[in-house]
Amino acid sequence: MSALDRKLWRDLWQMKSQALAIALVVMCGVGTYIMFLTTLGALRVTQDSYYRDYRFAEVFVSLKRAPQPLRQRLQDIAGVDQVETRVLAQVRVDMPAFAEPVTALMVSVSDSGRHGLNALHLSAGRLPAPERPGEVAVGKAFAQAHALQLGDRFYAILNGRRQALTLVGTALSPEFIQQMRPGSVFPDYKRYSVMWMGRRALGQAYDMHGAFNDVALSLRPGADSQYVIDSVDELLRPYGGLGAYARKDQLSHRFLSQELEQLGTLASLFPAMFMGIAAFLLNVVIGRLVAMQREQIATLKAFGYGNLAVLWHYLKMVSLIAGLGIVSGTALGVWLGQALSGIYMEFYHFPYLKFSLQPVTVMEAALASLLAAGAGTVFAVWRAASLRPAQGMRPEPPTRYRETWVEKLGLKRWLSQPTRMIIRHIQRRALKSMLTLLGIAMACGIILTGLFQRDTVSYMVNIQFGMAQREDLSLTFTEPTSYRVRFDLLGLPGVQHVEVFRAVPVRLRHGHRSYRTGIRGVEPGGDIQRLLDADLRPVALPADGLLLTDFLAKMLDLRVGDRVVVEVLEGNRPVREATVAGLVREYLGVSGYMDLAALNRFMQEGPTLSGAYLSVDSAQLQSLYARLKGMPRVAGVAERVQEIRNFNRVMQETMLFFTYVATVFAVIIAFGVIYNSARIALTERGRELASLRVLGFTRAEIAYILLGELGILTLIAIPLGLWLGEWMCYYIAHTMQNDLFRVPVVLVPQTYAFAAAVVLVSAILSGLAVRRRLDQLDLIAVLKTAE
Amino acid sequence: MGEVQVPALRGVDLDLYAGEFVVLLGPSGSGKSTLLNILGGLDTPTSGSVRYADHDLSLDDDASMTQYRRSHVGFVFQFYNLIPSLTARENVALVTEIAASPMTPEEALALVGLGQRMDHFPTQMSGGEQQRVAIARAVAKRPQVLLCDEPTGALDVQTGVMVLDVIARVNRELKTTTVVITHNAVIAAMADRVVYFGDGLVARIETNAEKKPAAGLRW
């Protein structure tokens, strides 16, 4: 090993705690980057291969009833590859050990079995036999939620008849990765499931023998899906077709892709932010570290080492530090990525997960770290090496200090000599002070970005379920029903208040933009279900016209007063125009709203409704459930408390994992930066401070001079950092908004306090660590060496 | 206060000959360190020229200056400028590794009488020992020119004499042109020639008829 390399290792050992702190910062940047990208990559690859292996269909359509021979005509449409006709039915399920009503979507099992579209992945048992009416397979999550064993029996109301069912298998389907009750935003595994039954058995129960009411299609490569959709609609119009839609509008797929898209956004945003900040800090810290070696650089040059040799020496040193961070960050990132992917796999019930670490991901992270570190080094070495060695070997010339503006303001007489030293030092080295300040501020800000999602989630729950959806229970009916049902509901046990609604599936069209959603007709002046404006004040429902979620209006490029085409997707599918009468603010989903009577008029129907919201005396909830179980017309019951739980669970399981990780990383970064700033300040000013000690200053007094500066910078950095963090949160929220949910930026005071506290505590701990070293300053050595 | 330019050297005209021992004598601030730095290729004059053999140093860029220092010049500084993280042997090796035909670090350290302390770090050595390591480091490459800037400035008399003795031996045995800067007039007695320096100018040059050995010096 050359003498220079030996110097390298010894120097590294000498500054091991600083090197470690820097490596930690790199580790956090690299770790975040790799965690996000490997998770995202794993989920995308898994999704693709799951879809392919289990032949997830590409076009879907529901209809009233069509005879089986129509299948051939679907098959004949140009571009159609495979056709799967099937029977679907929304059923009520009665789980013996569970008081609340359960809803299920009963789907017929493909006759082609595992070669059909949307093939099932059996996790246990077998598929139900085609002709056995009592056999079902259920979603794995539902089976787990109810602790069902193969052979267990429960009941379902099939077409008005109560029938005993035997569990023969649990399955996963690419079509129902997320099993959500229509109208719900989040899955509820206890109260909703997809179940599979033999085609003949289900067909018989629903009078669909030799007929079907649902179709799934796959397309040939290069097929024009819009043409297929139009042809299918044309063909099925006489059979009550409800409008074919492409895979991108399929609920489970949409939920999954939105989720992945959101993760993708985070995966580009968070790591970029972390890497960017880590790189910046690395640059600053390394720069100062190298700058401190000025005299040694000059000595090396005096003995004939060229600039490149010196630069290479320091680049090696810095690469080792960064390399330590890169290696540990990669390991950490892979470990966390596996954990996070595992969580998602569990959450989405993928049959398998394809996890792999892409070398290019590691390369990107490594390159970014090395470039940042390298840039800092090159700059600092260049500065030190461009000095004439004669100049470099002398200590830096005394800085020219002058009175600061603080002193000129007349505050001077209040300031002690040490305080003046602090202020003058900050002002004289304005750039360095600014960089340190900015570094601390960024570390402070990044803590907010981790925490804000948690604040936001609880805020969204409060708004959605505290101010807008305030019902205890919501019911949906199997078919549009007359207004009279309101009085039946009021007569049920515990029901205190009833509001009814009409929900109509529609496609809204404005110019070339269109969106599939629903219009909900609600009672004006309703107290349970309220619509809120941008300031979260209840909106008065106009007697005529359509209210739209503001985000939907933006998607469709609609403004208040514009006309929008409404294609109704049920009944005889009228196409009409409506006027946008106003906008409402919603954080979850997007839809349209109308006055109930106006919607009935719009639909040219009598007083008709689809469901109701109930306020219920919680003491009587159990007997109410018992009565509802006996009402065949009630298709589903949703309890608000459960919705909140589902919402929180989804958030807990997915979003919050990495926000915790991000927070921990942010804390480490904050500490790394502040500790390094303090250590470097000590080295830079050790001589000056030791001289003061010789003059009779106490340890506490010189600690004050050194740490006072850090303290002042930290105190200024905190508000700046909170402001920066807020700005970053807005940026994240803005890039994350989509039609499933929009995240408002909500930061509670505790979050600000936490971020500030982390920075303060880091500063105090760093101060104490430096203070310990300050106490050990070698006074004699200072007097002996040059100045 | 406005900025005032103070020239360190004003019209210096000086020849140094191969193998001679020259002492540059002058008070603090007389410009002698600046002259030494220019001679060693650590600094360039704002005007005028410096020639080494047939080479004009004042025209050189950074790379050729580096090459000049690497091949021809050895430095000894008042504050030693050893690399604190390297041992005595390694500090010397730092230079021998990049020199064309150096002695081994062990030889160089033996030359300055430090054969026994080669694996000590600078902080484990006295000032005199550190300065001898610095001399070993300077001469290990067998330089044509050895430049010493107040080599005894931070040392007591006894140690200073020992260091001067080493420098004189190197000059004698390796035939290295040696320039020692000092404000200590006593040291002038061991030189071939003494250059008196004042206020950025060469005041006068004296040639010693007889050189005194370092061991005989006291101040």
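This passage walks through chain B, the place where chain B meets chain A, and some of the sheets in chain A. The model is a predicted one, so everything here is computed from predicted coordinates.

Chain B makes a good starting point. Chain B has six helices and eight strands, and going along the sequence they turn up in the pattern β-α-β-β-α-β-α-α-α-β-α-β-β-β. For its overall dimensions, the C-alpha atoms of chain B fill a box of roughly 50 × 40 × 40 Å along the principal axes. A compact globule of 219 residues would be expected to have a radius of gyration near 17 Å, and the 17 Å found for chain B agrees with that. Of these 219 residues, 45% count as buried. The contacts in chain B also reach a long way along the sequence: of those between residues at least 6 apart, 70% join residues at least 24 apart.

Next comes the sheet of chain B. Six strands line up in the order β4-β5-β6-β1-β7-β8 to make an open sheet in chain B, and the pairing is mixed. The edges belong to β4 (73–76) and β8 (201–207) of chain B; each has a single partner strand, so one side of each has no neighbour in the sheet. On average, and ignoring direction, neighbouring strands of this sheet are turned by 15 degrees against each other.

Both kinds of pairing can be picked out by eye. At one edge, β8(B) runs antiparallel to strand β7 (residues 193–198) of chain B, and six bridges join the two. Here Val195(B) sits opposite Ile205(B) in β8(B). At the other edge, β4(B) runs parallel to strand β5 (residues 145–149) of chain B, with four bridges between them. One pair to look for is Val73(B) with its bridge partner Val145(B) in β5(B). Although β4(B) is an edge strand, both of its faces are covered: Val73(B) and Phe75(B) are buried on one side, and Gly74(B) and Val76(B) are buried on the other.

One residue in β5(B) is worth zooming in on, namely Cys148(B). With 27 other C-beta atoms within 10 Å, Cys148(B) counts as buried, because the cut-off is 20 or more. Leaving out residues up to four places away in sequence, Cys148(B) touches Val76(B), Ile167(B), Val179(B), Val180(B) and Ile181(B). Thr182(B) is 34 residues from Cys148(B) in sequence, yet their C-alpha atoms are 8.8 Å apart in space.

Now for the meeting of the two chains. The contact involves 23 residues from chain A and 21 residues from chain B. On the chain B side, α2 (62–72) and α3 (88–96) each supply at least two residues. The biggest share comes from α2(B), which gives five residues. Sorted by class, the chain B side has 11 nonpolar, four polar and six charged residues.

Part of this meeting is helix against helix. Two packed helices are described by the angle between their axes and the distance between the axes. The axes of helix α1 (residues 3–14) of chain A and α3(B) come within 8 Å and cross at roughly 130 degrees. The two helices, α1(A) and α3(B), are therefore oblique to each other. From α1(A), the residues Ala3(A), Leu4(A) and Arg6(A) meet Glu90(B), Ala93(B) and Leu94(B) of α3(B). In this helix contact, four residues are nonpolar, none is polar and two are charged.

Over in chain A, there is an open sheet of four strands in the order β2-β10-β1-β11, with antiparallel pairing. Its edge strands are β2 (80–86) and β11 (245–246) of chain A, each with a single partner, so one side of each lacks a neighbour in the sheet. Helix α6 (residues 225–236) of chain A packs on this sheet and touches β1 (59–67), β2, β10 and β11 of chain A, with its direction at about 15 degrees to that of β1(A). Five bridges link β2(A) with strand β10 (residues 211–219) of chain A in the antiparallel sense, and Thr85(A) stands opposite Val215(A) in β10(A).

Further along chain A, strand β18 (residues 592–595) pairs in the parallel sense with strand β14 (residues 513–522) over four bridges. With strand β15 (residues 546–549) of chain A, β18(A) pairs in the antiparallel sense over two bridges. Tyr593(A) in β18(A) is the bridge partner of Arg520(A) and also of Leu547(A).

Note on methods:
Residues numbered from 1 in each chain as written. Chains lettered and ligands numbered in written order. Predicted model: local features only at pLDDT ≥ 70, side-chain atom pairs only at ≥ 80, totals over all residues. Pairing = 2+ DSSP bridges. Contact = placed C-beta atoms within 7 Å. Axes fitted to C-alpha atoms, helices over the stretch in contact; angles between N-to-C directions. Rg over C-alpha atoms; globule rule 2.2 N^0.38 Å. Buried ≥ 20, exposed ≤ 12 C-beta atoms within 10 Å, placed from the backbone. Nonpolar A, V, L, I, M, F, W, Y, C, P; charged D, E, K, R; others polar. Parallel < 35°, antiparallel > 145°, perpendicular 65-115°, else oblique.
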